[in-house]
Amino acid sequence: MSASSTGSSAATEQVTYDDKITRYFVLATVFWGVVGMGVGVLIALQLAWWPANLGEYFTFGRLRPVHTSAVIFAFAGNAIFAAVYYSTQRLVKARMYSDAMSWFHFWGWQLIIVATAVTYVLGYTQTHEYAEMIWPIDVAITIVWVVFAANYFLTLRDRREQHLYAAIWFYIASIITIAILHIFNNLVLPVNFFKSYPLFAGVQDALIQWWYGHNAVAFVLTTPFLGLMYYFLPKAAGRPVYSYKLSILHFWTLVFIYIWAGPHHLHYTALPEWAGTLGMVFSIMLWMPSWGGMLNGLLTLRGAWHKLRDSAVLKFLVVGVTFYGMSTFEGPLLSVKSVNSLSHYTDWTIGHVHSGALGWNGFMTFGMIYWLLPRLWNTDLWSKRWAEIHFWIGTVGILLYIIAMYSAGVTQGLMWRAFDETGRLMYPDFMETVTQILPMYWVRLVGGTLYLVGMLMLAVNMIMTIISPDAQPEDVTATVPKPTWREASDTDWSGVETYDAALDRMSAKLKNGWHRLLEGWPLVFTILTTIAVLIGSVVEILPSFLIETRTPTTAKVQPYTPLELEGRDIYIREGCVNCHSQMVRRMRSEVERYGQYNRPGEEIYERPFLWGSKRTGPDLARVGGKYPHLWHVRHMRDPRLTSPNSIMPPYPHLEENELTLGNVDEKLETLAMLGTPYSANNIKNAQENARDQAEKIAAQIEESGGPEGLEDKEIVALIAYLQSLGQDVKGTDLKGGMQ
Amino acid sequence: MTDETTANASDTEGYTPDDDLVEGHDYDGIKEYDNPVPPWLSLIFAGTIIWSGFYVVAINLGYISRYEESLDDGLAELQQLQSQAKEKTPEVTQQMLAKAADSQEAIDAAESAFMGNCANCHGKQGQGLVGPNLTDKYWIHGGSLKDIYKTLQNGVTEKGMPAWGATFDQEQIVNLTAYVRSLQGTDPSGAKKAEGEKFVPGNGSGSSDG
């Protein structure tokens, strides 16, 4: 832009930025922050003290996805949009392409959040972590996202600044990749408006989900926040960015490498090991690209560190970036198979994500909002002191939270794998490993509560700032140079007649490097970014689909009976997967504790897969036949009747709720379309078959001294499902051969 | 909005690095330095790439054990420990069981284990809930001390009785056997109906049963 801007200083024009949309996104961020973190504190209490599970609808299993979705998509999501709308308009010197599209985006997103929260509490879920929304909401997300993306790219098209700044590179990568991830992880065949089954089953479903899950962390919680950092940190510090070259290097390596890392969530599982190996080595390679972002943030503060003393904004941003550095070192560490064998399914993972979420996403958002509030409302922040206190209380909250979780995670992980000198599990009773870490759950609750108090202080500070009589929420009009660079047409080659002249013109264009050229071509930039994220995706995912046809189906593996299928859907509805895994890993401590490890061939009818990611309770893959039916009745009524000290919520409503089998035939039909071998007869007789099985189970319960008349209650379906788990491999040895 | 522009001229504290700025880079007041990528970062990055290459080659050539190999090795080690322990532990004898059954100390020692693990299914008084009544004379899997011991040790997994041998060592199971025997004839309220075969232990000490 150096060539075009010199000598044309007179050619300016006015541009009025749409700051009202940013104000709304900031308000939404704070509102959902309070809600999402409030639910977080409630579910932390539920884990420490089970009576906090309130009735049928407000149990941990249903509320945990409300918490994760609220903080990721509502709190962090709205914060990202606030950052994107505020900074992009200024960085490209243009108002958003369409106000209508901006507002459609805003209200559409808020409605999606409300619909998501309500459906989760009511038990409508697809169970894929961080993507539990049922398919109509997925469709709505797609529509809103497309409108947002169109609005964004049309704004880039109409830009006045020729080149795209680093923040925008990260925004572009986020918008594109989130769209790809969202679509592929939500490919389902609906049964009805509320229920669907995924196109992929078992191992493939798991791979797709963790390709999504990991990259949701990458492209929702990392890249947009790096974009945010590249704008707000140098702004707040009043310093140039440390290194443009580093920006280029870490941007491209980050977007290319991140996408490969997903399978590290599935080490030792039924996923073929080579995929895990790729996930691990790419996670290791991701370490320095991640730290490139941290360095560019921290080194931008060279010479400006003293400003931290008086600026809560800078304190939040600097600690935020530091937590980013911490968790992106910890991430690669946790991806190493041997470390993962200890950490996976424990609270270590919870500690890891919260150091990233509370430290990086939360603090970057708070820093941005404290910086934005006085600018968006043209007045002083109501209380700088409160912002300072928020910073300290938040920091203490994070430290308590993560220390508690690391301690709980490592303790429980070591207990699960401990053997005594006689070669037996040292803690064969799972409950013992739970009661051991309960004190840490209380410490976590304190840490989380402190963090929430800080969030509430921000809310108060924001409200007081807004209602101040001095507040003037007006849009900013800036005088900007006219985009004279547009006049130099790229395609006009008239006058370039000799080979040398053409060469000169080419080298003049490349004078500032190939990347500078790319920064002037948003479309090409976007295409290259898309290619970068697609390479890893295709290389990892495609082979697993080709393998499917060759995977020998274990001979005894049978599709679920209609009643078991209904039971499985109840299991899904209640969110059991949030605390119970169904995946015995290929490790001796797992095999000794639970039984045979899960093999891919067993998983072919698992739609969706229910491997879980956290064991607050024991693994259930082999629970079938372990206890009598009556045990399950009593256990669901109140888990402490059968398992003293259990922290599981009671599910007495399962003994009262009528078992509805109204659409079980449609479910079978849908699954048959997806390839589950249900015959036409199976489908036709589904209801009858389910009734028969229910009556048998109810009779057995009654016979063994249990309550009467359970044959038309939900509990029998759930029992049928639980008793079926692992039955397909009964009588086979560890290697899947006959004993 | 002047506060949106960059470096504050009146800022006297700290310092402004005299690195070169990249010419022409000014985005809403944000400028960028032309600093190189820190060499250590490039070095570690290259290191991780090289290491990754080595790892992938090594695991494919068998220098790093895969899941199944590690699992086999681990299980073999456990089996060795288990068989060593088995050799060291003498078979449980009728005398051991009878001695424990006569010892109030042994019975008391098993109480918390019973309450924590058995009472959930058999009731706190052994009156029977999900599992059978332990206080009457009727036994599904045999009522001799040896039979009780076996049922505790190996479980009846198809009926939901876990194999407690995985949880407790021999002495604890012997004590639990004594505890279960001590429940005989206590006749608690709400006892479950009798199941199985009638068994009458020998007089007093129990030394004559089995």
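**Exercise 1. Work out how many residues each chain gives to the contact, and describe the chain B side.**

Step 1: count both sides. In this predicted model, the contact takes 56 residues from chain B and 62 residues from chain A.

Step 2: find the elements on the chain B side. Two or more residues each come from β1 (21–27), β2 (30–33), α1 (39–60), α2 (67–88) and α5 (111–122) of chain B.

Step 3: pick out the main giver. That's α1(B), with the largest share of the side that touches chain A, 10 residues.

Step 4: sort by class. The side of chain B that touches chain A comes out at 29 nonpolar, 15 polar and 12 charged residues.

**Exercise 2. Find the domains of chain B and the separation of their centres.**

Step 1: get the bounds. The domain assignment splits chain B into domain 1 (1–88) and domain 2 (94–198).

Step 2: look at the centres. Taken over C-alpha atoms, the centres of domain 1 and domain 2 of chain B are separated by 57 Å.

**Exercise 3. Do the domain analysis for chain A, then describe how domain 1 meets domain 2.**

Step 1: start with the bounds again. Chain A has domain 1 (19–467) and domain 2 (562–729), and their C-alpha centres lie 33 Å apart.

Step 2: count the contact. Domain 1 of chain A puts 41 residues against 47 residues of domain 2 of chain A.

Step 3: name the elements on the domain 1 side. Those giving two or more residues are α3 (60–91), β3 (196–198), α7 (202–219), α15 (384–417) and α16 (430–467) of chain A. The largest share of that side, 5 residues, comes from α3(A).

Step 4: sort by class. On the side of domain 1 of chain A that touches domain 2 of chain A, you get 20 nonpolar, 15 polar and 6 charged residues.

**Exercise 4. Decide how α8(A) and α14(A) are oriented to each other, and say what their contact is made of.**

Step 1: take the angle. The axes of helix α8 (residues 223–237) and helix α14 (residues 347–376), both of chain A, come within 10 Å and cross at roughly 45 degrees.

Step 2: classify the angle. Angles under 35 degrees would count as roughly parallel and 65 to 115 as roughly perpendicular; α8(A) and α14(A) are therefore oblique to each other.

Step 3: add the hand. The crossing of α8(A) and α14(A) is left-handed.

Step 4: list the residues. α8(A) brings A:Phe225, A:Leu228, A:Met229, A:Phe232 and A:Ala236, while α14(A) brings A:Trp360, A:Asn361, A:Met364, A:Gly367, A:Met368 and A:Trp371.

Step 5: sort them. The contact of α8(A) with α14(A) has 9 nonpolar and 2 polar residues, and no charged ones.

How values were computed: Residues are numbered from 1 along each chain as its sequence is written. Chains are lettered from A and ligands numbered from 1 in the order in which they are written. This is a predicted model: local features need pLDDT of at least 70, side-chain atom pairs count only at pLDDT 80 or more; totals for chains, interfaces and linings use all residues. Axes are lines fitted to C-alpha atoms, for helices over the stretch in contact, and angles run from 0 to 180 degrees between N-to-C directions. Helices (H or I, at least four residues) and strands (E, at least two) are DSSP runs, numbered from the N terminus. Angles under 35 degrees count as roughly parallel, over 145 as roughly antiparallel, 65 to 115 as roughly perpendicular and the rest as oblique. A crossing is left-handed if the near helix is turned anticlockwise from the far one by less than a right angle, and right-handed if clockwise. Two residues are in contact if their C-beta atoms, placed from the backbone, lie within 7 Å. Ala, Val, Leu, Ile, Met, Phe, Trp, Tyr, Cys and Pro count as nonpolar, Asp, Glu, Lys and Arg as charged, and the others, Gly among them, as polar. Domain bounds come from an automatic or database domain assignment.
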